[in-house]
Structures are given as structure tokens and as C-alpha cells.
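Please open the model below in your viewer and keep the selection panel at hand. The tour proceeds stop by stop, each one beginning with something to select.

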Amino acid sequence: MGAKTGFLVYADGDVPGLLREVGTADLARTADVMRRLYPGWEIEEGEGSTLWDAVYPPEGTAYAASWPGVEVIGDQRVMIDFPSQLPEHLVAASAGRRLVLHAMHSVVDWLAFAVWEDGRLVRSLSLSPDCGIIENIGEPLPFELPYWAGDRPADVIPWPDEDEESYPLPFHPLELGEDALRALCGFVLEGRPEPDDIDTDSIRLHGFRVRDPLGPDPAEREAALRKIRETMGPPRFFTMGPDGSLIELNGF
């Protein structure tokens, strides 16, 4: 699986139903939402994207769209281990509405999702094989029940020549993450699509470059990283010798 997500949805009701009815998102309306959700930040219009890619935008970029009754904001900054600690102003913006957070990262098999109703957290789950269950608040939602009941065990294939070890969680977070996507938002990124799934390539979001004026300057950070790379020198390659020692390889 290669799915990665980090996005929020604000909705007046059922998210999948509302997303199935959206048309072209108004730029001025969307920019106004961005200013409310990023108060005091530097916001500059950039290139947009489809919902398929917008759920995991590049660092420093946010994808957003505002339609009557529903808004979607993709931003890596909402990929937090404890969804219950989402910044208060982002939760407050959901007063009288439903708020959904979905975040997962395939490299570390990490998943987090949360649902608020009228600003009240009703469900939050965050887990990964390395950290175990990081946060588990509220009663499991219906789509979760087969996983907790043991009906969807993790099917992990070990690396060649390695002993098979049991997966440290009772199910695979990314599999649950896809079912959470479908149940909460009406689409999936991996796996077999269903007839009712939303066509994420048909929904476009506007792009924005966003920067916290109190945060590190991107140019200064890039310069610091470049300086570190320059001091590292060329890469060195090693192989394991017969006695278990490392032998440096030349000619690479």
C-alpha cells in the first residue's frame, strides 16, 4: 500500500453525500475559508489539484475547496499522533457541523482519524505497529467492528530468509484506514473501488502556499540543509566481511 493522507472535512451533514453533489469550488469563497483557518499566516494562491492528490499535499502547500455545505482542506500539518489535540481554532470552526480528520502514512503503517460533532470529539483513533495504540477515544464506529472482532487480521508477508513474526497489531492500520476513508468520506485511495465510491479525479481543489510568519523561514531552512549536505562528503558503501566486519567498497 502506498496511501498517504492528511486532511480535514467540515460538513453540514453526511460527507459522502455532500461530496457527490459538488461542482466547481469558488476561489474567493475558498480563500476566505483559508484565511479563517490560518489566521495571521501568509497565504498565496498556487496550483490546484484533484482530490486524489489533494489529501496529501507537499510540505508548505494546502489544497482546499469550499462548496455549499462542505469544505475540504488538505495539509500535512494535521498529521498528528493525537487527533484530540487538533488546534482549538480548527475544532471551533466546526460549530454546528461535522468535522472529520483523516491521516495515514504507508511507510510506517500509521493511521489516525477522528470525528467531531458540533465541536465535540466523538471518536479518535491513532495507531501504528511501532507505537501500538497511541490514542483511542470514544466507541468504535460501525466500520471498525470487524477489525476489533478479529475478522480482519493483518496479512503481512515477511522478507525473504527472515523468520515470520506476528504483526504487533490485531489488524493492519492501512486496511482500516481505507475503510475509514470510504465510510467517512465516500472514497478510497487503494484497493478495489465500489460503484458508489466518489471519483476523486473529478473533484478539483485550489492550491495555496501557506507559511506561519512565526515559524522557520523556508529559504533559511533550505540553506541550513544544503550546508549540512555539503559537510557530509560523498556517500560511502560497505559490505560484510567473512568475519562479520565491515569492508568499505571502492569505485562507487
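Begin by selecting helix α6 together with the strands beneath it: α6 lies across β1, β5, β6 and β7, and its direction makes an angle of about 155 degrees with β5. Please keep in mind throughout that this is a predicted model.

**The whole chain**

Next, colour the entire protein by secondary structure, which shows 7 helices and 11 strands. Of its 252 residues, 40% count as buried, and the protein exposes about 14,300 Å², of which carbon and sulfur atoms supply 52%. If you draw the contacts with a sequence separation of 6 or more, 64% of them come from residues 24 or more positions apart.

**The open sheet**

Now select the sheet. In which order do its strands run? The open sheet has 9 strands, arranged as β2-β9-β3-β4-β1-β5-β6-β7-β8, with antiparallel pairing. Its edge strands are β2 (42-50) and β8 (132-137), each of which pairs on one side only, and the twist from one strand to the next averages 15 degrees. Add helix α2 (residues 27-37) to the view: this helix lies across β1 (4-11), β2, β3 (61-67), β4 (70-74) and β9, and runs at about 120 degrees to β3.

**Strand β6 and its two neighbours**

Select residues 110-117, which make up strand β6, and colour them by accessibility; 7 of the 8 residues are buried, so that the strand is mostly covered. On one side, strand β5 (residues 98-105) is joined to β6 by 8 bridges in the antiparallel sense, and a useful pair to label here is Val100 with its bridge partner in β6, Val115. Follow the chain through the hairpin that β5 and β6 form, where 4 residues lie between the strands and Asp109 in the turn has a positive phi of about 55 degrees.

On the other side, 7 bridges join β6 to strand β7 (residues 120-128), again with the strands running antiparallel, and Trp116 stands opposite Leu121 in β7. The hairpin of β6 and β7 has 2 residues between the strands, and Asp118 takes a positive phi near 55 degrees there.

**The β2 edge and a salt bridge across it**

Move to the β2 edge and select β2 with strand β9 (residues 204-211), which pair in the antiparallel sense over 7 bridges. Gly46 has Gly207 as its bridge partner in β9. Then show the side chains of Glu44 and Arg209, which form a salt bridge with the closest N and O atoms 3.0 Å apart. Because Glu44 lies in strand β2 and Arg209 in strand β9, this pair ties together parts that are 165 residues apart in sequence. Both are partly exposed, Glu44 at 46% relative accessibility and Arg209 with a relative accessible area of 41%.

**Further salt bridges**

Extending the selection to the whole protein gives a count of 11 salt bridges. One of them is within reach of a helix already visited: Asp32 and Arg36 are paired with their closest N and O atoms 3.6 Å apart, and, being 4 residues apart in helix α2, they are separated by about one helical turn.

Are the partners in the next pair, Arg97 and Glu71, buried or exposed? The side chains of Arg97 and Glu71 meet at 2.7 Å, N to O, with Arg97 in the loop between α4 (88-92) and β5 and Glu71 in strand β4, so the pair ties together parts 26 residues apart in sequence. Both Arg97 and Glu71 are buried. Add Asp12 to the selection, since salt bridges that share partners join Asp12, Glu71 and Arg97 into one network.

**The aromatic cluster**

For the last stop, search for aromatic pairs, of which the whole structure has 5. Among them is the pair of Trp148 and Phe171, which is edge-to-face, with 5.0 Å centre to centre and 90 degrees between the planes. Trp148 lies in helix α5 (residues 145-148) and Phe171 in the loop between α5 and α6 (173-185), so the pair ties together parts that are 23 residues apart in sequence. Trp148 is partly exposed, with a relative accessible area of 30%, whereas Phe171 is buried at 0%. Including Tyr147 in the selection completes one aromatic cluster of Tyr147, Trp148 and Phe171.

Finally, select Pro170, which is found in the loop between α5 and α6 and counts as partly exposed at 49% relative accessibility. Its C-alpha atom is separated by 7.4 Å from that of Trp148, and, not counting residues up to four places away in sequence, Pro170 touches Arg152, Pro153 and Ala154.

Technical notes: Residues are numbered from 1 along each chain as its sequence is written. This is a predicted model: local features need pLDDT of at least 70, side-chain atom pairs count only at pLDDT 80 or more; totals for chains, interfaces and linings use all residues. Side-chain values use heavy atoms; hydrogens and water are left out. Buried means under 20% relative accessible area, exposed over 50%, partly exposed in between (1.4 Å probe, protein chains only). Two strands pair if DSSP finds at least two bridges between them. Rings of Phe, Tyr and Trp (its six-membered ring) pair if their centres lie within 6.5 Å; planes under 30 degrees apart count as stacked, over 60 as edge-to-face and the rest as tilted. Contact means heavy atoms within 4.5 Å. Accessible areas come from the Shrake-Rupley method with a 1.4 Å probe; for residues, only the protein chains shown count as cover. Axes are lines fitted to C-alpha atoms, for helices over the stretch in contact, and angles run from 0 to 180 degrees between N-to-C directions. A salt bridge is a side-chain nitrogen of Lys or Arg within 4 Å of a carboxyl oxygen of Asp or Glu.
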